Structures are given as C-alpha cells and as structure tokens.
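Here are my comments on the model you sent, set out as numbered points for you to read beside the coordinates.

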Amino acid sequence: MVELSRAADPAEAEVVALSPGGRRARLAATAVVLALLLAGTVWGTDAHFPFGPFKMYSTRASNDAPVVSTRVVGLTGDGREVRLSGGEVGLRRAEFEGQLPRLVEDPSLLVLLADTYAEHHPGGPQLVEVQVVLRRFELVAGERTGAWTDDVLVAQELAVGP
C-alpha cells in the first residue's frame, strides 16, 4: 500500500501569513469604506452612490402623491407636439433626467435635441420650440384617477429659417 504525503497533494494550498503592515493596511481600508458608507447614509444623496442612498429604492412616496413623468416635446408652427423623449434623440429617460439641472441652467442645450431629431427624421415636421414638460398623474389611494397636469420646466425657441 502506497501512502501519499499531504505535502504532495496539489489541492492543498500553502497558507501565507499576512504581515502586520498588511493587516493594518486592510483594516485601514475597511475603516475608510465603512466611514464612507456611514457618512453617505446620513448625509449623502443619489450623486454619492454607492456610498450614498439610492433614493429611488430607499424612500417611499405617499399613495396620494402625484407621479411625475418628464417628457421632452418639440412644437411645430401649428402647435402640434412631436415627441423627442423615449429614445427619439438617442437619450434614454434616465440619462436625460440626469441632465435636467444643466438644461434649466442653459436652455440653449435643447437646440441640440432639436438638431438630432431633424437628423434622424429628415422628412419630419419643422420644430419652432423645444420644451421639457413635467406631467403629474394624480393618484388616490395608489390608483390613477385619469387626471393629470403639465408644467413646462424649461423651453427654448428655435431659429426657423428656409
């Protein structure tokens, strides 16, 4: 009978002891991460994710609070609305909503959306204005009532030419 020694077993890994300096470095890194998580939990915002709370998942709205949907529309000369949100100009809703503070500060950026729409829809209607509209759907006990209101958050008139 042949006995194999444990040292010859390739599945048995050699244990490497961590030096005292290595232990201190790992403890310090762990302490920093925990401190960031604690600070983010107490004072953080969505912008501090993953160290801050992601409010979309960490908060709850009232069952009677309106649901807000952000829309971007272009207006034609005769007042018709042309949808520019929902991927029509290459931006998804979350990407667009993340840029809302910039658009409110500089409405001329909406011209870029109109230009992109014109490139993707060469035969489409000519736009005279672009608006960011907040549509609030009313709820009662968590159910839609069918009522809604629109508020224009920001608008930009477009240069109309031949």
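The points below take up the annotated segment, the salt bridges, one buried leucine and the cavity.

1. Please keep in mind throughout that this is a predicted model, and that the values quoted here are computed from it.

2. The unreviewed UniProt entry carries the annotation "transmembrane region" for residues 27-45. In the model, the chain over residues 27-45 is 89% helix and 0% strand, with its end C-alpha atoms 27 Å apart. The label itself comes from the record, whereas the helix content and the end-to-end distance are read from the model.

3. How many salt bridges are there? The count comes to 5, and Arg71 takes part in a salt bridge with Glu81, where the closest N and O atoms are 3.5 Å apart. This pair links distant parts of the chain, since Arg71 belongs to strand β1 and Glu81 to strand β2 (residues 81-83), 10 residues apart. Arg71 counts as buried because its relative accessible area is 17%, under the 20% limit for that class, while Glu81, at 46% relative accessibility, counts as partly exposed.

4. Arg71 also forms a salt bridge with Asp150, and here the closest N and O atoms are 3.5 Å apart. Once more distant parts of the chain are linked, with Arg71 in strand β1 and Asp150 in strand β4 (residues 143-157), 79 residues apart. Asp150 is partly exposed, having a relative accessible area of 31%.

5. A further salt bridge brings together the side chains of Arg80 and Asp78, at 3.2 Å from N to O. With a relative accessible area of 47%, Arg80 is partly exposed, whereas Asp78 is exposed, because its value of 57% lies over the 50% limit. As for salt bridges that share partners, they join Arg71, Glu81, Arg135 and Asp150 into one network.

6. Is Leu110 buried or exposed? Leu110, which is found in helix α5 (residues 110-120), counts as buried because its relative accessibility is 0%. Leaving aside residues up to four places away in sequence, Leu110 touches Leu103, Val130, Val132, Val154, Ala155 and Gln156. In addition, the C-alpha atoms of Leu110 and Gln131 are separated by 7.9 Å, although these two residues are 21 residues apart along the chain.

7. Turning to internal space, the structure holds 1 cavity of 30 Å³ or more, and about 60 Å³ of space lies in the largest cavity. Which residues are the closest to the centre of the largest cavity? Of the 11 residues that line it, they are Val72, Leu84, Ser85, Leu91 and Phe96. The elements that give two or more residues to this lining are β1 (67-76) and α3 (93-98). By class, the lining has 6 nonpolar, 3 polar and 2 charged residues.

8. When you revisit the model, I would suggest reading the points on strand β1 together: Arg71 in that strand pairs with Glu81 in strand β2 and with Asp150 in strand β4, and β1 is also one of the elements that give two or more residues to the lining of the largest cavity.

Technical notes:
Residues numbered from 1 in each chain as written. Predicted model: local features only at pLDDT ≥ 70, side-chain atom pairs only at ≥ 80, totals over all residues. Heavy atoms only, no water. 1 Å grid on protein atoms, 1.4 Å probe; cavity = no way out; pocket = protein on both sides within 12 Å on 5 of 7 lines; lining within 4 Å. Points joined across faces, edges and corners; volume = space filled by probe spheres on them. Helix = DSSP H or I, 4+ residues; strand = E, 2+ residues; numbered from the N terminus. Nonpolar A, V, L, I, M, F, W, Y, C, P; charged D, E, K, R; others polar. UniProt positions renumbered as here; feature names shortened; annotations may be inferred. Buried < 20%, exposed > 50% of the residue type's maximum accessible area, 1.4 Å probe, protein only. Contact = heavy atoms within 4.5 Å. Salt bridge = Lys/Arg side-chain N within 4 Å of Asp/Glu carboxyl O.
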